[in-house]
Amino acid sequence: MVWHAETALPKGTDLVVVPGGFSYGDYLRCGAIAARAPVMDAVRDFAASGGLVLGVCNGFQILCESGLLPGVLMRNAGLKFVCRDVHMKVERSDTPFTRGYNAGQVIRVPV
């Protein structure tokens with residue numbers, strides 16, 4: 001585990017998982033705050049060198065806010081927490097995260 005105030009990742013890191021959680025209903029844009037944590041420079045360097053990075057829940061928000069993923073997150077129309085299954089099409093099966101699937105396969109993912 002690496003604390004947000006640290007400035008380096010441990011030697012030999014294979015994967016960085018940025019976890020989620022909820023903070024005050026997300027009204028404080030915790031992803032925007034966390035994206036500026038000292039450790040995120042090391043995470044950006046790790047990703048730039050080909051390292052694997054996975055953001056879960058608010059971790060995904062952090063990756064967007066830190067520039068590691070393109071785009072921005074928008075509020076949903078009802079301003080309520082949404083939890084449902086969605087169907088996604090696998091575009092590529094040659095990545096570490098998708099090699100267990102076939103290109104073109106439709107998978108069900110809870111969001």
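Let's start with how far this predicted model can be trusted: across the protein chain the mean pLDDT is 89, and 94% of the residues score at least 70. Confidence is highest in helix H2 (residues 39-48), at 97, and lowest in helix H1 (residues 30-34), where the mean is 81. Keep a general caution in mind as you look around: where pLDDT is low, the predicted coordinates should not be read in detail.

Now step inside. The largest nonpolar core has nine residues in all: Val16, Val18, Ala37, Met40, Val43, Phe46, Val53, Ile62 and Leu63. Strand E1 (15-18), H2 and helix H3 (58-65) each contribute at least two residues to this core, and H2 gives the largest share, with three. That fits a broader pattern, as nonpolar side chains in soluble globular proteins tend to be buried together.

Val53 is a handy place to pause within this core. Leaving aside residues up to four places away in sequence, Val53 touches Leu15, Val16, Val18, Val43, Phe46, Ala47, Leu63 and Phe97.

From there, turn to H3. Six of the eight residues of H3 are buried, so this helix is largely enclosed by the rest of the structure. The buried ones are Asn58, Gly59, Gln61, Ile62, Leu63 and Cys64. If you wonder what they pack against, the partners are E1, H1, H2 and strand E2 (52-55).

The backbone on either side of H3 is worth a look too. Cys57 sits in the loop between E2 and H3, and its phi is near 60°, a positive value in a residue other than glycine. For context, most residues other than glycine have a negative phi. Cys57 counts as partly exposed because its relative accessibility is 39%, a value between the 20% limit for buried and the 50% limit for exposed. After H3 comes Gly67, which also has a positive phi, near 85°.

Finally, come out to the surface. Here Leu15, Val17, Leu54, Val56 and Phe97 make a nonpolar patch of about 400 Å². Two of these names should look familiar, as Leu15 and Phe97 are among the residues that Val53 touches. Phe97 lies in the loop between strand E3 (85-89) and strand E4 (106-110). With a relative accessibility of 43%, Phe97 counts as partly exposed. So Phe97 belongs to the surface patch and is also in contact with Val53, a residue of the largest nonpolar core.

Terms used:
Residues numbered from 1 in each chain as written. Predicted model: local features only at pLDDT ≥ 70, side-chain atom pairs only at ≥ 80, totals over all residues. Heavy atoms only, no water. Patch = residues over 30% accessible without salt bridge, like charges linked within 9 Å, V, L, I, M, F, W, Y side chains within 5 Å. Areas by Shrake-Rupley, 256 points an atom, 1.4 Å probe, with all protein chains shown as cover. Salt bridge = Lys/Arg side-chain N within 4 Å of Asp/Glu carboxyl O. Helix = DSSP H or I, 4+ residues; strand = E, 2+ residues; numbered from the N terminus. Buried < 20%, exposed > 50% of the residue type's maximum accessible area, 1.4 Å probe, protein only. pLDDT = per-residue confidence, 0-100. Core = buried A, V, L, I, M, F, W, Y, C linked by side-chain atoms within 4.5 Å. Contact = heavy atoms within 4.5 Å.
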